[in-house]
Amino acid sequence: MSDTINITLKVWRQKGADDKGHFETIPVKDVETHMSFLEMLDTVNEQLALEGKDIIAFDNDCREGICGMCGCLVNGIAHGPLKAMTLCQLHMRKFSDGDTIAVEPWRAKAFKVVKDLVVDRSPLDKIIQAGGYISANTGGAPDANSLPIPMEVAEKAMDAAACIGCGACVAACPNASAMLFTSAKVSQLALLPQGRPEAAKRAINMIRTHDACGFGNCTNERECEAVCPKEIKITNIARLNREFIKASIGSDVM
Amino acid sequence: MQLESKVPSGPLTEKWSKYRGEQKLVNPANKRKFTLICVGSGLAGAAASASLGELGYNVKCFCIQDSPRRAHSIAAQGGINAAKNYPNDGDSIWRLFYDTIKGGDFRSREADSYRLAEVSAAIIDQGVAQGIPFARDYGGLLANRSFGGAQVSRTFYARGQTGQQLLLGAYSSLSRQIATGKVQMYNRREMMELVMVNGKAKGIIVRNLITGEYESHAGDAVLLCTGGYGNVFYLSTNAESCNCGAAVKAWRKGALFANPCFTQIHPTCIPNSGDYQSKLTLMSESLRNDGRVWVPRKKGDKRAPNEIPESERWYYLEEKYPSFGNLVPRDVASRNAKQVCDAGHGVGPTGYAVYLDFADAIKRDGRDVVERKYGNLFDMYLNIVDDNPYETPMMMYPASHYTMGGLWVDYELQSNIPGLFVLGEANFSVHGANRLGASALMQGLADGYFVIPYTVAPYLASIYGEAGQVKEDNPAFKEATQQVDDGFKKLMSINGNRTPDSIHRELGKVMVDKVGMARNEAGLKEAIDKIRALRDEFWKNLKVPGILDDFNKNVEKAHRLADYLELAECMALDALTRQESCGCHLREESQSPEGEALRKDDQFAHVSAWEYTGFNKEPKLHKEPLVFENVELTQRSYK
Amino acid sequence: MNWVTNTFSTSIGKKLLMAITGLSFCGFLAVHLIGNLTIYGGQGMFLSYVEHLHSLGVLVTAAEWVLVLLAIVHIAMGLTLFFQNLAARPVRYEVKKAAGGRTIGSATMPYTGIIILLFIIIHLLTFRFVDKTPVEINDYSILTATFSQAGFVLLYIAAVIIVAIHVSHGLWSGFQTLGFNHSKYMPFIMGLGIVFSIIVGIGFGFIPIYASIIA
């Protein structure tokens, strides 16, 4: 039923943000191809633990592709070689016997390495805190159907809202820009009538925070779109640009 | 111990408005003198933190993941119920209440379940105002669907990502409060101890999961919004960091744990394929609308499914339940799957799976129609199992999914420890012995947005003079920190040769097998013995590599497992004492002549609340009788 | 007026300046190419075009200064973005592969940009800043004299290919930055970018070859 393969893992080990870090080569024998990539790492860790060695630190949580917690570069591509997929959904059957697999953490000035493959993605939270919300206090909302929203608009907003905040866009971007992430939230809220009152302030503040966090500038390389596990499109970045232009020229926000 | 439910008097439909009208309030200027600690940032925690911050309280919110956007509420797919009656199909608050209490097999409080139904509509309003892109019809109004066998369409949804969108909505409100400074957010922290001063909850000790440091946080009330304990089964649909730690810490401090044996097993999950398996992936229940469930009639039949002729296939659900067929409720579907697999009819590499076959649906409706309905689920299955469901039947097996049990709370969501409130899946309050589909999201948000902002006020008003008096320099914090540290040092010093995962896997097998869907006295007693033996094994033979003062997942896992090993025994004990079948569970000794679940309302119409009595000591049972003044207790029948 | 500096100091603001100046250069390239095509009409037509252009007088000077200003902004912003983007990832990946988004054009923008800058300097020194007062020297003779040297022909062809590569990303990228991305029109704009870069490449690339033949 299930085959096994032997692989060589080249995994990034780094004690903390100040450590230089290095690749450690670990041969892994008899990997069942039905395993997910993270389960493969689990078995490696189980072995390391029994040998009394420090286990490979990596982030993960739901393992069903929705929480956005997992993610590393696998052989140079964020979340691995398959399209529209988080790392936890990658299975070992996509690799061949004898493969060498390089695993690296997301790298960006804004994402400090915590340990091994774990990075600090809190700057993404900061961008949301700068305006990725609608100021609607609990309790005061009008009836949900009081404002019809065309289905196409709701669907477009949902396309953007599907972002899981994993940071793969930043990791894959040659400039370590978080523009796709920022644009997804700005787009979602800009499309919906509920989000319009704060649209100008939102676009400007989120971009300023994005820049202040140390993310790079978007140069339309489209690598973000290519790796995004939720297939968020760069049309959202264009919408963000429009929102930004509108806000800068046409609003009172300084 | 007298369990005081504090349910307001008066007619059921007026209890909540009466409560809100008569409760004590906290003056706006005084709100800022109070600091509230919220542990957990899922639907309940994020909604509560945001709403309380908006009201002017100082909130400290703690999250185990690296961001509050990742809480496991995010994984809920199907939808959220609300008694809006937009489709004009006969829904009402009363009907949602009745479905909830009947679905829970009459093991929840009427007043709590009614309040849930009552505030459900406001959740949708709030979500839309936050910019949640719920599904809509062509005219731009909100779309609804029927879910989990309900006769009305009251489920709102955002594609298959409703939980994600609702959580991100709550997260956005939370983020806004973080930006204003009313909420202080602490990520990658795990609660290690509840700190009590003069018998009241006054703070917590957390461990910083990056550095391993302990931190003290004082507050005027503690809100636990830490989810359920489904991971006690090791393999479950829960995320890795879901754990029962916070609840067990409170339990050890005197909070009662109610109905721990009430866990929900979801019938359609991708089955286990080997020992390396780390989690089970849930597939939407909607698959049962068109898929036919079967196993080979011959025991141990190892032929490929397509080689088994029609006459040798056992469509056991259709045979046993001719009127409901494959659409029997979750618990019936789950239980029957286990029964046929236990009897040797199971399929797949482990023999613990049943087929869910779409061949007839494809023949009847065409592949296009099936693909349109289930395409994304089929793709997901193909990716995980490497089998094409369009050609071979899917394999499915039930998995632990949700826990209805939890810390005991009164109508105000306050546990029996003053100042300790419990919200969402972490409490026991509204779902009884079984939860309706699409009601978990509803409860988490109802508790966080619309219940706790009211019910925390009377407590705070009663301790007004104490506001902000207990600080981190109180000796109770130092003492608690010392105890936490001692506990960890003890774990690290065992130095045996088993990893936490290997012991947890074994515990999971015992729990699934003996304390899962169908139970009997002998099995439960055996389970208790096995759990005790595993606990001994844990404390003698555990190995935790690495050091404490570091990002070390093994330390986290070992610590959580110690809690599971204690709660597991209480779950088995609760199941043992509840000698009736109810909700999700079949007690094999309590069956009708046709072999169906038989509830015993005369003996067990109560909440079983367990008091912790010490390590390796049997917990003590307290009962809160359930009084039903508004609904008639009926037995379910799906024949 | 601090909203102006606020706007253009953000990453989108800087990109907007890149896009506006870049798209202006695309327009300039088109006009420049159309003018240059008069070469195929022979010496008379070419020189009359040049004369016609020079007769515009102050307008030409103004246009030149505008081009200089655009160039300064484009280069300054380009360098700023380049160095900021380098700094945004201080530790590079050991193993990194393209995932399918970037193209030769997009991946080489800063480098092709710098080469184009060097080329423009050579180009201006060759054709713009030369002493044209002697009667035997005119723009046509400079052209034929230059391209009678094989080295110049090769240099120009190489440079024009680089310009085409730069434009292949630059044109649609400019539209994207300005917010013009719509599922209906974007495929057309991206196609236009490719077609335009091919036209630029072939149009400008054949002039040195033709000039070297007629020289």
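In this predicted model, a salt bridge (a side-chain nitrogen of Lys or Arg within 4 Å of a carboxyl oxygen of Asp or Glu) links R93(A) to D386(B), with 3.5 Å from N to O. Between chain A and chain B, the count comes to eight salt bridges. Polar contacts turn up here too: 43 residue pairs, both at pLDDT 80 or more, make one across these two chains. The term covers a pair of N or O atoms within 3.5 Å; within protein, one must be able to donate a hydrogen and the other to accept it, and residues adjacent in sequence count only if both atoms are side-chain atoms.

As for what chain A brings to chain B, the elements giving two or more residues to that side include α1 (37–50), α2 (122–129) and α5 (179–191) of chain A. Helices here are DSSP runs (H or I, at least four residues), numbered from the N terminus. The largest share, seven residues, comes from α3(A). Sorted by class, this side of chain A has 37 nonpolar, 17 polar and 18 charged residues.

Now for the whole interface. Some 72 residues of chain A are in contact (heavy atoms within 4.5 Å) with 75 residues of chain B. Two pairs of chains touch, and chains A and B have the most contacts. Chain B and chain C, by contrast, share no contact, and their closest C-alpha atoms lie 20 Å apart.

Residues are numbered from 1 along each chain as its sequence is written, and chains are lettered from A in the order in which they are written. Local features need pLDDT of at least 70, side-chain atom pairs count only at pLDDT 80 or more, and totals for chains, interfaces and linings use all residues, while side-chain values use heavy atoms, leaving out hydrogens and water.

Conventions:
Ala, Val, Leu, Ile, Met, Phe, Trp, Tyr, Cys and Pro count as nonpolar, Asp, Glu, Lys and Arg as charged, and the others, Gly among them, as polar.
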